[in-house]
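Here's a quick briefing to read alongside the model. Keep the viewer open and click along as you go.

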Amino acid sequence: MTLFKKSVLALSLSASLVLSCAVQAKSVAIIHATVHTVTEKGVLTDATVVIEDGTIVAINPASPIADSVIDAKGAILTPGFIASMNDLGLVEIGAVASSRDAYEKEADVIFDPSLAYNPKASTVPFARKGGITRNVVSSGGGEGIFAGQTFTVDLSGDWDSMLAANTGLVVGLGAIEEGSRAAGMQQLIHKLEDAKKAQSKKSKGKKKTEDDSEAPSREDDIINAVLAGEKSLIVAVDRASDILHLIKLKQDLGLDLILVNAADAILVADKLVQASIPVVIDSMRNLPESFDSLHNSLENAGKLAKAGVKVAITLPGDSHSIYALRFSAGNAVANGMNYDDALASVTANVADIFHLDSGRIAVGKPADLVLWSGDPFEFSSKVQKMWIAGEEQSTDSRQDKLRDRYLQKTAMPEAYSR
C-alpha cells in the first residue's frame, strides 16, 4: 500500500470516528425531581427522568445510567409549556410596520404566514423565559372571514425549528361593523357544504361539465383537508348562538373543530362536551368587550374544565407577552380552576387540541422539559433549566443583555461606556 493510500485510509477512519461520536447524543438523568407528568401517573416525588437522543427514555429506572446527572434537589419538573394562537416570530417591533408580518389585508384560505417566520426574532428567547418550548403561530387579517393557516414551531431558535406548516385553517366570525354576522357564517357553511357536494359528485363518477376543472385548486385542497379532518378548522367566535351553528356544522360534516375565545362557551358547555369540541381561551378576559362577550369572566376557564370541556389557555396575539402564559394559568387557579387542569391547559391539552406529540412527561415523548425554582404559576419562580428535544436551552434574552449592559459600573461617563 502506498503512502498516499495509507494517508487516505487514515483520514477516512478518523472522519468515521468523528462522525460516530457526533451522532451519539449525550444522555442526561434528572434525579431527585418533583415530576408533574400531566399523565394518569400524576406527580412523582423524588423521581428520575432520563433523556437521550431528544426523547424521554426512562422514568424512575432501577439504576439510571447517563452521560451526565443533574440533581434537581426536589425542584419541580414539568413538560415544556405550549403557547398558541399568537404572532411569535412574525412581529419584531409592533410600532415598526416593516417588522410586522402577522397581518395581511388580503389573507384568504391559502395564506401561509409560516413563510415569514423568523426563528431568530428577539421575542423567541424571551418566550423561553416563561417555560414555553413550543408554539402554534397564527396570523391575522383578511377582509373576509378567512385569516390563513397556522403553523407549529419549537422555541429553540434554530433555523430548522419549524415543526409543521399549514396545520389549521383560521376563521373569524361574529359581529362586524357593517352588515350582518349572518353573511360570514353563511359563507363558511356554503364553502364547506359545496366542497362536500363536489366530493360526492366526483365519487359517484358523474360526467364532468365544461365548468369542472381538471385539477383541484390550492384552496380546494385545503378545504378538502378540513372536510377530511386532516386539517383543523380553528374558529374565533364568542356568541353562543354562533357557537351552536358551528356545533351543528361539525356534527354534519365531521370536522376537527377548535373554538378560540368563546366568551359564551360557558352557556353551552354541555353541548361542547357532547360534540367533543375544545376551547382555546384567554383566561384573563374578565370584562365585556362587545355585545358578543357579555359573559367574559375570570372563572370561565375553570368552569369549562369542570364541565368536561378540553380547555387550552392562551395569550392570543401579541408575541411580546406570551412569556406570561404561566401567570394566566396561575390566575385561572386563583379563580377556581383545578391546579392539574390548569397545568394541562398549557401542556397536554394544547398538544391534544393541535395534534402535537408533546405536553407530557412519559417514556417515548419528546424531551421538552422545564425545571423550575418553585411553583411555575408563582410570579417569583424562574426557569432553572430547559430542554427542547433533549437539547438544553439558554434563557438569556435581549432584555437580560440590556440589563447587564446598563448596570455595568465604570469610571467613564455613561455615554462612553455603552
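Which residue in E11 is the bridge partner of valine 136? It's threonine 152. Keep in mind that this is a predicted model. The notes below start from that pair and its sheet, then move on to the other sheet, the helix packing and the empty spaces.

**The four-stranded sheet**

- The valine 136 and threonine 152 pair belongs to the match between strand E8 (residues 132-137) and strand E11 (residues 151-154), which run antiparallel and are joined by four bridges.
- E8 and E11 sit in an open sheet of four strands, ordered E6-E8-E11-E12, with mixed pairing.
- At the edges you'll find strand E6 (81-86) and strand E12 (162-164), each of which pairs on one side only.
- Going from one strand to the next, the twist in this sheet averages 25 degrees.

**The six-stranded sheet**

- Another open sheet has six strands in the order E10-E13-E14-E15-E16-E17, and its pairing is mixed too.
- Strand E10 (146-149) and strand E17 (311-313) are the edge strands here; each has a single partner strand, so one side of each is left without a neighbour in the sheet.
- The twist in the six-stranded sheet averages 20 degrees from one strand to the next.
- For a parallel pair, look at strand E15 (residues 257-261) and strand E16 (residues 279-281), which are linked by two bridges.
- Leucine 259 has valine 279 of E16 as its bridge partner.

**How H3 packs against H4 and H5**

- Helix H3 (residues 181-203) meets helix H4 (residues 218-227) at an angle of about 90 degrees, and their axes are 10 Å apart.
- That angle makes H3 roughly perpendicular to H4.
- On the H3 side the contact uses Lys191, Leu192, Ala195, Lys196 and Gln199, while H4 brings Glu219, Ile223, Asn224, Val226 and Leu227.
- Sorted by class, the H3 contact with H4 comes out as five nonpolar, two polar and three charged residues.
- With helix H5 (residues 240-253), H3 packs at an angle of about 0 degrees, the axes being 12 Å apart.
- So H3 is roughly parallel to H5.
- Here Arg181, Met185, Leu188, Ile189, Leu192 and Lys196 of H3 meet Asp242, His245, Leu246, Leu249 and Leu253 of H5.
- The H3 contact with H5 has seven nonpolar, one polar and three charged residues.
- Leu192 and Lys196 are worth clicking on: they're in the H3 contact with H4 and also in the H3 contact with H5.

**The second largest pocket**

- This pocket holds about 440 Å³ of space.
- It has 19 lining residues, and the closest to its centre are Gly172, Leu173, Gly174, Ala175 and Ile176.
- H3 and strand E14 (232-237) are the elements that give two or more residues to the lining.
- H3 gives the most, with four residues.
- By class, the pocket lining splits into eight nonpolar, nine polar and two charged residues.

**The cavity**

- Searching the whole structure turns up one cavity of 30 Å³ or more.
- The largest cavity contains about 40 Å³ of space.
- Its lining is made by Asn261, Ala263, Ile281, Asp282, Ser283, Arg285, Asn296, Ser297 and Asn300.
- That lining counts two nonpolar, five polar and two charged residues.
- Two of the lining residues, Asn261 and Ile281, fall within the ranges of strands E15 (residues 257-261) and E16 (residues 279-281).

Notes. Residues are numbered from 1 along each chain as its sequence is written. This is a predicted model: local features need pLDDT of at least 70, side-chain atom pairs count only at pLDDT 80 or more; totals for chains, interfaces and linings use all residues. Side-chain values use heavy atoms; hydrogens and water are left out. On a 1 Å grid over the protein atoms alone, a cavity is a set of points where a 1.4 Å probe fits but cannot get out, and a pocket is an open set with protein on both sides within 12 Å along at least five of seven lines; lining residues have an atom within 4 Å of a point. Grid points are joined across faces, edges and corners, and a volume is the space filled by probe spheres set on the points. Ala, Val, Leu, Ile, Met, Phe, Trp, Tyr, Cys and Pro count as nonpolar, Asp, Glu, Lys and Arg as charged, and the others, Gly among them, as polar. Two strands pair if DSSP finds at least two bridges between them. Axes are lines fitted to C-alpha atoms, for helices over the stretch in contact, and angles run from 0 to 180 degrees between N-to-C directions. Angles under 35 degrees count as roughly parallel, over 145 as roughly antiparallel, 65 to 115 as roughly perpendicular and the rest as oblique. Contact means heavy atoms within 4.5 Å.
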